[in-house]
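Biologist: Hello! Could you walk me through this chain, one question at a time?

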Amino acid sequence: MKYIDEFNDPDLARRLLDDIHATATGGPWAMMEVCGGQTHSIIRHGIDQLLPDSVELIHGPGCPVCVTPLEMIDKALEIASRTDVIFCSFGDMLRVPGTGRDLFRVRSAGGDVRVVYSPMDALGIARRHPDRQVVFFGIGFETTAPANAMTVHEARRLGIRNFSLLVSHVRVPPAVEAIMSAPDCRVQAFLAAGHVCSVMGTGEYPDLAERFQVPIVVTGFEPLDILEGIRRTVHQLERGEHRVENAYERAVRADGNPAALRMIEEVFEVTERAWRGIGVIPRSGWRLTDAFRDFDAERRFDVGGLHTDEPRDCRSGEVLQGLIKPHQCEAFGTKCTPRTPLGATMVSSEGACAAYYLYRRLEAPARPVQVQEATTVG
């Protein structure tokens, strides 16, 4: 299968690993993969177990479901409980726990909560039910922002006034800056998320790379994508370099997607945003501009001032910041499982805790296997 099998070639994977082992003579080096999709690929294929002892992968906050703050989840639950509302969401949000319940429990109690596959599906529901308020839960990084922006733009163009968006969009570069600015940060390099950069480009990263003296390598999600990203990152670290490199050129251009960016800039404006487990990060989110503010579900339903209460046993905040691995949380695999999750990192299909549980990383990972004599790649 083109563009899949080519990036799962075991012989090329071995060559990339040999080059990483031959190059990583300094260190130790700690690099963070930003995206939860990359985390799942790493754990599924055991990539972290094949690396030299001197190279550590730290799992970052790159799962939009995981970083949606508890306050926003509770606002969604409050809106979804109203009898005049049809609440629409992607399926991975339905089991994310709020304070005492989740969207599944709201639905079981009589709330009209529906799983959709795109925000335009929710807009279609609004057209078919003009007597009901239809709300779409708009979460995500830069990747999903264009579709959500286009849907609101279309709602205004068509005059559909019973549709609104509960916005919880976050931006990756400010989160990278927040992570690097933390006093206990151990991260020395980043594997940037290719799908985010396919929309936004790489323009915000050179300043971060220079300011914090860290390599930033844009990577994809298949095993060879990730290994190539690690290989390039190790080469930079060993040379004392801190550049932005694009190792995902088949999908990412430096200027991103200009049409998508124009749509985002018309509908959204940058604002501060709270990240679950991390806190408020300046300029790390989007909200609707004044021209589209009538489609803001928070404003329409006046859901401010909600009290939130994080589970005491859940250490997902430390996982999201890369301070601990999932198996180092005392509740992992016991009190907290996919059936009884304490936090979003165990619920989401891209959460680090879910990856560790699914692929049976229930304790400290095994150390790397012995590799063959190195062969230089590229």
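What follows is a friendly exchange about the overall fold, one helix, two alanines and some backbone angles.

Modeller: Happy to, and please keep in mind that this is a predicted model.

Biologist: Let us start with the whole chain: how many helices and strands are there?

Modeller: The C-alpha trace spans about 70 × 45 × 45 Å along its principal axes. Within the chain, the count is 17 helices and eleven strands.

Biologist: What radius of gyration does the chain have, set against a compact globule?

Modeller: For 378 residues, a compact globule would come out near 21 Å. The chain agrees with that expectation, because its own radius of gyration is 21 Å.

Biologist: What share of the residues is buried?

Modeller: On the outside, the chain exposes about 16500 Å², with carbon and sulfur atoms supplying 49% of that area. Among contacts with a separation of 6 or more, 79% join residues 24 or more positions apart. Of the 378 residues, the buried share is 55%.

Biologist: How far apart are the mean positions of the positive and negative charges?

Modeller: The chain has 42 positive and 51 negative charges. Taking the mean position of each set, the separation is 5 Å.

Biologist: Now to helix 11: where do its buried residues lie around the axis?

Modeller: Helix 11 covers residues 205–212, and Tyr-205, Leu-208 and Ala-209 are buried in it. Viewed down the axis, these buried residues fall within an arc of 100°, so they line one face of the helix.

Biologist: Which elements help to cover the buried residues of helix 11?

Modeller: Helices and strands both take part in the cover. Among the strands are strand 7 (189–193), strand 8 (216–219) and strand 9 (244–246). The helices include helix 9 (172–181) and helix 10 (194–200).

Biologist: Is Ala-122 buried or exposed, and what does it touch?

Modeller: Ala-122 sits in helix 7, residues 119–128. Its relative accessible area is 0%, so Ala-122 is buried. Setting aside residues up to four places away in sequence, Ala-122 touches Cys-88, Val-116, Val-134, Phe-136 and Phe-163.

Biologist: And Ala-76, which residues is it in contact with?

Modeller: Ala-76 belongs to helix 5, residues 70–80. With a relative accessible area of 1%, Ala-76 is buried. Beyond its neighbours within four places in sequence, the contacts of Ala-76 are Phe-87, Leu-103, Phe-137 and Leu-166.

Biologist: Turning to the backbone, what is omega for the peptide bond from Gly-27 to Pro-28?

Modeller: Most peptide bonds are trans. Pro-28 is in the loop between helix 1 (10–23) and strand 1 (29–35). The bond from Gly-27 to Pro-28 is cis, and its omega is near 10°.

Biologist: What phi does Asp-302 have?

Modeller: Most residues other than glycine have a negative phi. Asp-302 lies in the loop between helix 14 (297–301) and helix 15 (316–320), and it counts as exposed at 66% relative accessibility. The phi of Asp-302 is positive, near 50°.

Biologist: What about phi of Arg-360?

Modeller: Arg-360 is placed in the segment after helix 17 (352–358). Arg-360 counts as exposed because its relative accessibility is 53%, where the cut-off is over 50%. Although Arg-360 is not a glycine, its phi is positive, at about 60°.

Biologist: One last item: which residue follows helix 11, and what is its phi?

Modeller: Here too phi is positive, near 55°. The residue with that value is Gln-213.

Notes:
Residues numbered from 1 in each chain as written. Predicted model: local features only at pLDDT ≥ 70, side-chain atom pairs only at ≥ 80, totals over all residues. Heavy atoms only, no water. Helix = DSSP H or I, 4+ residues; strand = E, 2+ residues; numbered from the N terminus. Rg over C-alpha atoms; globule rule 2.2 N^0.38 Å. Buried < 20%, exposed > 50% of the residue type's maximum accessible area, 1.4 Å probe, protein only. Contact = heavy atoms within 4.5 Å. Areas by Shrake-Rupley, 256 points an atom, 1.4 Å probe, with all protein chains shown as cover. Lys, Arg positive; Asp, Glu negative; His and termini not counted. Charge placed at Lys NZ, Arg CZ, Asp CG, Glu CD. Arc of directions from axis to C-beta.
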